[in-house]
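The exercises below concern a single protein chain. Try each task against the displayed model before reading its solution.

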Amino acid sequence: MSIARTIRERRSIRAFNRTPVPQDLVLQLLNDAVWAPNHGLREPWRFIYVGSAEGREKLATLTLEASAHLKRVKLLPSKLKEVMRKKLAEIPANLIVVMTEDKNEHKRDEDFAAVCCLMQNMQLLGWEQKLGMIWSTVDFIRSPVFRSGMGIREGERIVGILHMGFFDKIPKPKTRTPAEAKLVVW
């Protein structure tokens with residue numbers, strides 16, 4: 001598959017089937033994804049992989065606790081919270097992508113861009129393997145409850161979570177604005 005075709009055909013996948021995601025596959029994809037451009041080869045990333053049933057249960061519970069801490073879930077009936085927890089625990093695999101935050105703002109911006117490139121690489125590489133992903137940046141990732149529970153250290157930032165799994169249905173693409181409509185030529 002050509003790079004252009006992969007870019008155009010990749011979709012964010014929200015509905016995964018129950019096929020387990022092998023940790024070896026995720027590691028293989030990461031070993032290619034880390035070739036993302038990054039200034040000074042600082043490689044400002046690290047990863048937390050959650051793929052076991054026990055780990056997914058813990059992550060789902062932590063997610064709800066962190067959301068409650070942010071007052072997003074507190075008011076929901078406990079039955080609905082349980083449905084949400086179960087749905088989160090059913091996501092076959094999760095990759096939490098963590099970035100070291102440089103004290104220098106310019107370097108921090110460069111590093112954030114590099115981590116974003118890595119995450120896009122990961123999604124494209126996964127797509128080639130029929131592994132779907134959605135990049136989540138929901139606000140609970142900034143919660144002290146979530147950060148502490150995931151072992152995020154001082155001076156680190158969670159850039160996002162890649163929820164991943166194999167899928168049965170590809171969503172229809174949404175239209176994109178042609179580049180010509182947004183291009184300014186000097």
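Among contacts in the protein chain between residues at least 6 apart in sequence, what percentage join residues at least 24 apart?

**Solution.** The model used here and in the later exercises is predicted. Take the contacts between residues at least 6 apart in sequence, then keep those that join residues at least 24 apart; the share is 81%.

**Exercise 2. Describe the fold and the overall dimensions of the protein chain.**

**Solution.**
Step 1. Count the elements: the chain has 6 helices and 4 strands.
Step 2. Put the elements in sequence order, which gives α-α-β-α-α-β-α-β-α-β.
Step 3. Compare the radius of gyration with the globule rule. The chain has a value of 18 Å, and the rule gives 16 Å for 186 residues; these are close, so the chain is as compact as a globular protein of that length.
Step 4. Add the extents along the principal axes: the C-alpha atoms fill a box of roughly 55 × 45 × 35 Å.
Step 5. Turn to the surface. Of the 186 residues, 40% count as buried. The accessible surface is about 11,800 Å², with 56% of it belonging to carbon and sulfur atoms.

**Exercise 3. Characterise the largest pocket by volume, lining and chemistry.**

**Solution.**
Step 1. The volume of the largest pocket is about 500 Å³.
Step 2. Its lining consists of 19 residues, and the closest to the pocket centre are Met84, Lys87, Leu88, Ile91 and His163.
Step 3. Assign the lining to elements: α3 (53–69), α4 (78–89) and β3 (131–136) are those that give two or more residues.
Step 4. Sort the lining by type, which yields 10 nonpolar, 5 polar and 4 charged residues.

**Exercise 4. Find the enclosed cavities of 30 Å³ or more and describe the lining of the largest cavity.**

**Solution.**
Step 1. Searching the whole structure gives 1 cavity of 30 Å³ or more.
Step 2. The largest cavity has a volume of about 60 Å³.
Step 3. List its lining: Leu59, Ala60, Thr63, Leu88, Ile91, Asn94, Phe140, Ile161 and His163.
Step 4. Trace the lining back to elements. At least two residues come from each of α3 and β4, and α3 gives the most, with 3 residues.
Step 5. By type, the lining comprises 6 nonpolar and 3 polar residues, with no charged ones.
Step 6. Set the two linings side by side. Leu88, Ile91 and His163 line the cavity, and these three are also among the residues closest to the centre of the largest pocket.

**Exercise 5. Is methionine 119 buried or exposed, and which residues does it touch?**

**Solution.**
Step 1. Locate the residue: methionine 119 is in helix α5 (residues 105–128).
Step 2. Its relative accessibility is 0%; the limit for buried is under 20%, so methionine 119 counts as buried.
Step 3. Leave out residues up to four places away in sequence. Methionine 119 then touches Val97, Trp135, Val159, Gly160, Ile161 and Leu162.
Step 4. Take the C-alpha distance to tryptophan 45: the two residues are 74 apart in sequence and 10 Å apart in space.

**Exercise 6. Carry out the corresponding analysis for arginine 157.**

**Solution.**
Step 1. Arginine 157 belongs to strand β4 (residues 156–166).
Step 2. With 31% relative accessibility, arginine 157 counts as partly exposed.
Step 3. Apart from neighbours within four places in sequence, arginine 157 is in contact with Val97, Val98, Met99, Glu101, Phe112 and Arg147.
Step 4. The C-alpha atoms of arginine 157 and tryptophan 45 are separated by 9.5 Å, and the residues lie 112 apart along the chain.
Step 5. Compare the contact lists: Val97 appears for arginine 157 and also for methionine 119.

**Exercise 7. What is the sign of phi at leucine 41 and glutamate 43, and where do these residues lie?**

**Solution.**
Step 1. Leucine 41 has a positive phi of about 50° although it is not a glycine. Glutamate 43 likewise has a positive phi, near 45°.
Step 2. Leucine 41 sits in the loop between α2 (23–33) and β1 (45–50), and glutamate 43 is also in the loop between α2 and β1.
Step 3. Leucine 41, at 66% relative accessibility, counts as exposed, while glutamate 43, at 45%, counts as partly exposed.

Note on methods. Residues are numbered from 1 along each chain as its sequence is written. This is a predicted model: local features need pLDDT of at least 70, side-chain atom pairs count only at pLDDT 80 or more; totals for chains, interfaces and linings use all residues. Side-chain values use heavy atoms; hydrogens and water are left out. On a 1 Å grid over the protein atoms alone, a cavity is a set of points where a 1.4 Å probe fits but cannot get out, and a pocket is an open set with protein on both sides within 12 Å along at least five of seven lines; lining residues have an atom within 4 Å of a point. Grid points are joined across faces, edges and corners, and a volume is the space filled by probe spheres set on the points. Ala, Val, Leu, Ile, Met, Phe, Trp, Tyr, Cys and Pro count as nonpolar, Asp, Glu, Lys and Arg as charged, and the others, Gly among them, as polar. The radius of gyration is taken over C-alpha atoms; the globule rule is 2.2 Å times the number of residues to the power 0.38. Buried means under 20% relative accessible area, exposed over 50%, partly exposed in between (1.4 Å probe, protein chains only). Contact means heavy atoms within 4.5 Å. Accessible areas come from the Shrake-Rupley method with a 1.4 Å probe; for residues, only the protein chains shown count as cover.
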